[in-house]
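Hi everyone, thanks for coming. Let's have a look at this one together.

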Amino acid sequence: VSKVFHIETLSFYPDLVRAYSTPDRVYHGINHFHSSLQIARDTIATHRLKLTDEQVHEILLAVAFHDYVYSPFAKPSLDELHSAIACMKVQKKSKN
């Protein structure tokens, strides 16, 4: 089972990059996005986790979207909720 999943090849990747690249992001910016994905990939590879391709795909999507929505004035956890909803919408589209 291949554990390689390149989110960079997916049609919504430019939207992710655009979202993480906005100037109002101090910590949760584009470097955080890329390093989070690399840490997840390295963890999966290093620990030789027995995951299906679909599980790897879902983990990396969750990592990629975990800070997708960012509003400095949102109530605590609302950004995470809206990020999760955006991720679920993308997953639903990719399964259709």
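I'll go through a helix pair, a salt bridge and a surface patch.

So, this is a predicted model: local features need pLDDT of at least 70, side-chain atom pairs count only at pLDDT 80 or more, and totals for chains, interfaces and linings use all residues. Residues are numbered from 1 along each chain as its sequence is written, and side-chain values use heavy atoms, without hydrogens and water.

Okay, helices. The axes of α1 (residues 13-20) and α2 (residues 30-46) come within 7 Å, crossing at roughly 130°. That makes α1 and α2 oblique to each other, a word for angles outside the parallel (under 35 degrees), antiparallel (over 145) and perpendicular (65 to 115) ranges. On the α1 side, Tyr13, Leu16, Val17 and Tyr20 make the contact, and they meet Ile30, Phe33 and His34 of α2; contact means heavy atoms within 4.5 Å.

Next, Glu8 and Arg41 form a salt bridge, with the closest N and O atoms 3.3 Å apart. The rule is a Lys or Arg side-chain nitrogen within 4 Å of an Asp or Glu carboxyl oxygen. Glu8 sits before α1 and Arg41 in α2, so the pair ties together parts 33 residues apart in sequence.

Lastly, Met88 is in helix α4 (residues 78-95).

Conventions. Helices (H or I, at least four residues) and strands (E, at least two) are DSSP runs, numbered from the N terminus. Axes are lines fitted to C-alpha atoms, for helices over the stretch in contact, and angles run from 0 to 180 degrees between N-to-C directions.
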